[in-house]
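Colleague: Please take a close look at a single part of this protein and explain, in one connected account, how that part is held among its surroundings.

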Amino acid sequence: MLTSKMRNSSPGFTLLEVMIAVAVLTIALAAVLGLQSKSLTLASESRFNTTAALLAQGKMAEITVAGMGELTSDTGDFGDVFSGYAWRLSVQNADLPGLEKMKGRLKQIDLEVTCGEGELFRYDLRLYRFFSPETIKRTEDGGQKAEDKQ
């Protein structure tokens, strides 16, 4: 009796077992592909943040060297080496209430670095720069020091 039952059952998987296995594999592959896509997005975002921070630091170094008269709002790009990257500079007075003596000497400098069509990625940097009266006077005198004029 036992031998006849064994003879009728064939070794292998039933259709139901195969369908369940395929469903489990499909769910697992979908999760892995989703993680791979997220990983690529994070890698490109990380690459942008690193590159943009270095480009912004270089641009701010140029701005720090510039005199007060040379600071103006402007836009541009970083050339062929960093194609797709662009910058926008905004300079405005950061006059504080109660500090009328410093009027016009404190500048708020905003630098925005973008990359991609429609500004896919954006990196913002803000700098406050104070100009002493001596610096302003040299700028107004055409870059000469007060001792040189005497």
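Modeller: Accessible areas come from the Shrake-Rupley method with a 1.4 Å probe, and for residues only the protein chains shown count as cover. The accessible surface of this protein amounts to about 11,400 Å², and carbon and sulfur atoms hold 59% of that surface. The model is predicted, so local features need pLDDT of at least 70 and side-chain atom pairs count only at pLDDT 80 or more, while totals for chains, interfaces and linings use all residues. Residues are numbered from 1 along each chain as its sequence is written, and side-chain values use heavy atoms, without hydrogens and water.

I shall examine strand β2, after a short view of the whole. The protein contains four helices and four strands (DSSP runs numbered from the N terminus: H or I of at least four residues for a helix, E of at least two for a strand). Along the sequence, these elements follow the order α-α-β-β-β-β-α-α. Of the 150 residues, 22% count as buried (under 20% relative accessible area; exposed is over 50%, and partly exposed lies in between). Among the contacts with a separation of 6 or more, 48% join residues that are 24 or more positions apart (a contact means heavy atoms within 4.5 Å).

Strand β2 covers residues 85-93, and it has partners in two other strands. With β1, residues 74-77, β2 pairs in the antiparallel sense over four bridges (two strands pair if DSSP finds at least two bridges between them). Here Thr75 stands opposite Arg88 of β2. With β3, strand β2 again pairs in the antiparallel sense, over nine bridges. In this second pairing, Gln92 has Gln108 of β3 as its bridge partner.

Next, consider individual residues of the strand. Trp87 lies in β2 and is buried, because its relative accessible area is 10%. Apart from neighbours within four places in sequence, Trp87 is in contact with Lys59, with the run Asp74, Thr75, Gly76, Asp77 and Phe78, and with Leu111, Glu112 and Val113. Trp87 and Cys115 are 28 residues apart along the chain, yet their C-alpha atoms are separated by 9.0 Å. Leu89, once residues up to four places away are set aside, touches Ile63, Thr72, Ser73, Asp74, Ile109, Asp110 and Leu111.

Leu89 and Tyr85 also lead us to the nonpolar core. The largest such core has 20 residues, and those with the most contacts inside it are Leu71, Tyr85, Leu89, Ile109, Leu111 and Val113 (a nonpolar core is a set of buried Ala, Val, Leu, Ile, Met, Phe, Trp, Tyr and Cys residues joined through side-chain atoms within 4.5 Å). Helix α2, β2 and β3 each supply at least two residues of this core, and the largest share, six residues, comes from α2. In soluble globular proteins, nonpolar side chains tend to be buried together.

That helix deserves attention as well. Helix α2 takes in residues 15-65, and its 51 residues reach 75 Å from first C-alpha to last. Its buried residues are Phe48, Thr51, Ala52, Leu55, Ala56, Lys59, Met60 and Ile63, and their cover includes β2, β3 (106-115) and β4 (121-130). One of these buried residues, Lys59, has 14% relative accessibility, and Lys59 forms a salt bridge with Glu62, the closest N and O atoms being 3.1 Å apart (a side-chain nitrogen of Lys or Arg within 4 Å of a carboxyl oxygen of Asp or Glu). Because Glu62 and Lys59 are three residues apart in helix α2, about one helical turn separates them.

By this rule there are five salt bridges, and another of them involves β2 directly. Arg88 and Glu112 meet through their side chains at 2.8 Å, N to O. Since Arg88 belongs to β2 and Glu112 to β3, this pair ties together parts that are 24 residues apart in sequence. Glu112 counts as buried at 13% relative accessibility, whereas Arg88 counts as partly exposed at 39%. Both also belong to a network of salt bridges that links Arg88, Glu112, Arg122 and Asp124.

Asp110, touched by Leu89, has a charged partner too. Asp110 forms a salt bridge with Arg126, with closest N and O atoms 2.5 Å apart. This pair joins β3, where Asp110 lies, to β4, where Arg126 lies, across 16 residues. Asp110 counts as buried, because its relative accessibility is 18%.

Methods. The expected span of a helix is 1.5 Å times one less than its number of residues. Buried means under 20% relative accessible area, exposed over 50%, partly exposed in between (1.4 Å probe, protein chains only).
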